[in-house]
Amino acid sequence: MLHLQAKPSKAVAALQPRFFTIPGPLICIAMSLFLNPLSLGVHASSAQYPVPSPSPIRHGHSLDIPARNSILPSDLQEIILNGPDEQKAREWNLHYTSEPHFVGQGEPLAVWTQDKWREFGIENTSIKSYPAPDGPTLPLYQRLALLERKPGNAEDQDDTVLFNASLNESSTFVNPVSGKIISSPQFFSCTPNANVTAPFVFVNYGTDSDYDDLMHSNIDVSGMIGIMKQGKPYIRSALGEAQKRGMVGLVVYLDPEFDENVTEAHGYLPFPEGPARAPSSVVRRMGFSRNDPSLTIPVIPISYSDALPFLKALNGHGPQASELSTAWQGGQLGYLGVNYNVGPSPDGLTMNLVNTFQSYNVSVYNVLGTIKGEVEDEVIILGNHRDAWAAGAGDPNSGSAALNEVIRTLGTAMKKGWRPFRTLVFVSWDGHETGGIGSTAWLKENLPWLSRAVVAYLEIETAATGTKLFTKSSPLLRDVIYSAAEKVLSPDQSQPGQSIMDAWGGQIEPEGGGDTNGFVSNGFTSINLGFAPGPTDPIFHWHSDFDNIQWMDTFGDPTYEYHTASAKLWALAATHLADEPVVAFNATAYAVAMDGYLDELRDTLKKATSDEAYQQGANSCTVNLQPLKDAIAELYQVAVQFDADAADLAATLTGKNTILTASTYRKNQRIQDINQKYRTFERQFVVPSDSSRVGSSHVVYSRSSYKFPEPTFPDITNNVKGGKWCDAEKSNQIVADAVRNATQLLRS
C-alpha cells in the first residue's frame, strides 16, 4: 500500500502448555498440562522564564549531507513510510497469539521470531535464556464460593453452597492457526496459598482512605474477606493495606465504572456483539514478590459477572456506598440489581476463598538482533515484550507485530544499500508479565557495556489497542518523536491529510512503563509509545482471554493501520537517532517538563499542608521547593544555550556537506563532547544504590505501568503524601542536587 507523506504538522508549525477451559463450579488446573514441558509530554505546563521558548526542533535527517552509502536519507524515509504492511502485521499477530506464551512457555515463539528476523535480513541474531528467579507460582486449584450456614447447624456440618464462581472467562474464539481456544487461569502471580472462609465486606478500591471511611461508619473489617474494585492501587499495595486492617483475603473485580461511558449501562452491547466489556472478563496482574514473606493473605481476580452474587448478597446490609463519600460513587452494576451496600455480610453468610499454587523452575528467552552501524559502540535499542497472560493480541503482540514490520522494512533498506551510522539492537523480551524478568536479567548482565554504549531505548508495548497516541518519554526525545509524528499519516483521516502529530497534539507523559522501567532506573533515555483507547473507543480487554485476534479484527484495529503507523513512528525515530551525527536530544525540553512536574508537586504539597495531620508534624521539618525551582530555572538557561550550540553544529555539518566515518567522527572533539553530555544527561538524575535515599532509582520518574500514571519526583511526592516531612525535605534536596549536577554537566 502506498502512503503519501503527510503535510507539515500544524501542531509543530505552530513449554508448550495448554491453557484450557474446564466447566463447572470449581477450577482445578492440572499444571502438568498448563506448563508442559517446562523449558529450563512535555507537560502542558510551561516554564515561566524571561527567555525564549525551548530551542527549535531539529527535524528528521540531515537530508543535504551526502550519503556514506548508496541510499539517501530521503530514500530511507520513503522506504519506511511505505514499508510496513497491514496484512503482514496481522499475519505476525495471528501467529504470536496462536499458542499460550506466558513465562516459561516462550521458547517456541523465540525460535520462530529469530527465524523471521533472519528471513528479514538480520543475520546477527541470538536467543539468550535466563532462569526465572524462584520460578513463577501458578494455580493448581482455586475456588470462590458463597456459603450459607443454616441456624442450628453444627460446626462440622457442611454449609449450603449458594454460588460457585466460574473462575472462567468462557472465551469461545478458536485461533485459526493452532485450532485452539487460548485461555488461562484467573490469578495474580506470586500470591499465597490459603483456604479461608469468612464474612465479607465491600471495600471500594481498597485504599487507605476507603478503610478510614469504613472505620468512621463503625464497620470493623478485621477477620473478613474484602470485595474490591480494581483500578487504583497496585495489587501489592492493596494487599498490604488489607492485611494491615486485619483482613484475611481479597477478591478483586473490574467494575464497569472502570470503562466510564462505553458500558452496558450506557447502552453498548458487550463483546463479542459490541464494544463494551465482556461481563466474564478479568484482568490478571503481577501480585507481589514471592520473596516477600510479610504479605500472607490470598487474593483472586474475578469478573463482574462472578462478583454479582456476592455484591447482591450485601444489598440492605450496612450503608450504601453513596452514603460514605464521593470516592465510593460511580459503580455501574445498579442496572443488574447491585445496591452497593458495603456490608458486612449478614449472619450465616460467608465466602470461601481457596488458592493452591505451585512454583515451577522455568527459563525466559530473549531474542536479540543487531544491525551494526558505522559506529559500532553507540547503540539505539528497540524492544517489545513477547510474553502474555493469555493470547495478548493487543498487549503485547500488536507491538511484537510492529517490531517485526520495523525489522522487515529496515531489512529492505539494507538490501538497497543502507547502513546505519550507529548500531541498532532489536530485542523481543520474555518474562515481562512476572516482573520484567527477561529485560532485568539482560540489563544486569550487560550494564557496563550499556553504560558506555546506549544512546536511547525505544519501546512499543501495545502498538494498537485504540486510536489515541500515548508517549511516555524522556523529554530529551521530544524532537525525535515530534519529527516522526509529523511525517506519518494518521490512520484517522476525518481531517484529510492530517498527520499523527495533527491528531495527537504533542503531549508527552512522564517517562516509564513496560520494560522501559529498567532502562529509566539506570538513567538511559527511553520512550514507551503506542496507540491506546480514547474515551469513546471500544474497550480493550487488557490481560484477558478476550485480548485475541477476534477482538483485534472486530474492534481493536480492523484495518491494522494502527499497527503499521506504530511501526513507521518507531522506525523513523530509530533511524533519526541512528543517522544524525549530533544526537537529536533536547535538554531544554527536560527543564520545561520538570517545571511542569514542579507545579504538580506544589499542588500536592499545598493539599497536604492543609490537612490537620500536617499541622501536627510540620514543626519538625519544612519542605521548601524554592531551591529546586531555582535549580530548574538555572538548568533551563544553560540548556537553551547548549541546545543552540548543538543545533549550530548540526547545521554546520549540513552546510559543509560533511561526510563522517567512524574515524573522523571519533576525532571530532566538539561532536564527541556534545553527544557524550546528551547521552549521560539523564544519568545525573539516578541516585546510586548506596545512597541514604529510599525509593526508586530515578529521582524524577517512577517505575510505572503504561496504563497507570505514577507521580513524578516520586520520593518527594510519596513522603509528602505519607506525612514524612523530614524525609520529603531530604528527598527534595537530593533532587535539587541532581538538577544542579545536570546543569554542571552541560556547562562544563
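These are my notebook entries on a few things I looked up in this structure.

**Entry 1: the whole chain**

I began by reminding myself that this is a predicted model. The protein chain has 748 residues, and 60% of them count as buried. I then looked up the secondary structure and found 22 helices and 16 strands. The accessible surface of the chain comes to about 27600 Å², with 51% of it belonging to carbon and sulfur atoms.

**Entry 2: a pocket**

Next I turned to the second largest pocket, which holds about 830 Å³ of space. Its lining is made up of 32 residues. Which of them lie nearest the centre? I noted F258, E260, A532, P533 and K707. Strand β15, residues 468-473, gives the most to this lining, with three residues. Sorting the lining by class, I got 16 nonpolar, five polar and eleven charged residues.

**Entry 3: Q105**

I picked out Q105, which sits in the loop between α4 (86-96) and α5 (107-119). Is Q105 buried or exposed? Its relative accessibility is 2%, so Q105 counts as buried, the cut-off being under 20%. I also followed its side chain, which reaches the backbone nitrogen of F102 at 2.6 Å.

**Entry 4: a salt bridge across the sequence**

My salt bridge list for the model came to 27. One of them joins D553 and R90, whose closest N and O atoms are 2.6 Å apart. D553 belongs to helix α14 (residues 549-556) and R90 to helix α4, so this pair ties together parts that are 463 residues apart in sequence. I checked how open each partner is: D553 is partly exposed, with a relative accessible area of 26%, and R90 is partly exposed at 29%.

**Entry 5: around K244**

K244 kept me busy for a while. Its side chain meets that of D208 in a salt bridge, at 3.7 Å from N to O. That pair links distant parts of the chain, with D208 in helix α6 (residues 208-216) and K244 in helix α7 (residues 235-244), 36 residues apart. D208 counts as partly exposed at 36% relative accessibility, while K244 counts as exposed at 58%.

I found that K244 also forms a salt bridge with E241, at 3.3 Å from N to O. Here both residues lie in helix α7, three residues apart, about one turn of the helix. Which residues does the network of shared partners join? I wrote down D208, D212, E241, K244 and R245, joined into one network by salt bridges that share partners. As a last check, I noted that E241 is buried, with a relative accessible area of 13%.

Definitions and conventions:
Residues numbered from 1 in each chain as written. Predicted model: local features only at pLDDT ≥ 70, side-chain atom pairs only at ≥ 80, totals over all residues. Heavy atoms only, no water. Helix = DSSP H or I, 4+ residues; strand = E, 2+ residues; numbered from the N terminus. Buried < 20%, exposed > 50% of the residue type's maximum accessible area, 1.4 Å probe, protein only. Polar contact = N/O pair within 3.5 Å; in protein donor to acceptor, adjacent residues only side chain to side chain. 1 Å grid on protein atoms, 1.4 Å probe; cavity = no way out; pocket = protein on both sides within 12 Å on 5 of 7 lines; lining within 4 Å. Points joined across faces, edges and corners; volume = space filled by probe spheres on them. Nonpolar A, V, L, I, M, F, W, Y, C, P; charged D, E, K, R; others polar. Areas by Shrake-Rupley, 256 points an atom, 1.4 Å probe, with all protein chains shown as cover. Salt bridge = Lys/Arg side-chain N within 4 Å of Asp/Glu carboxyl O.
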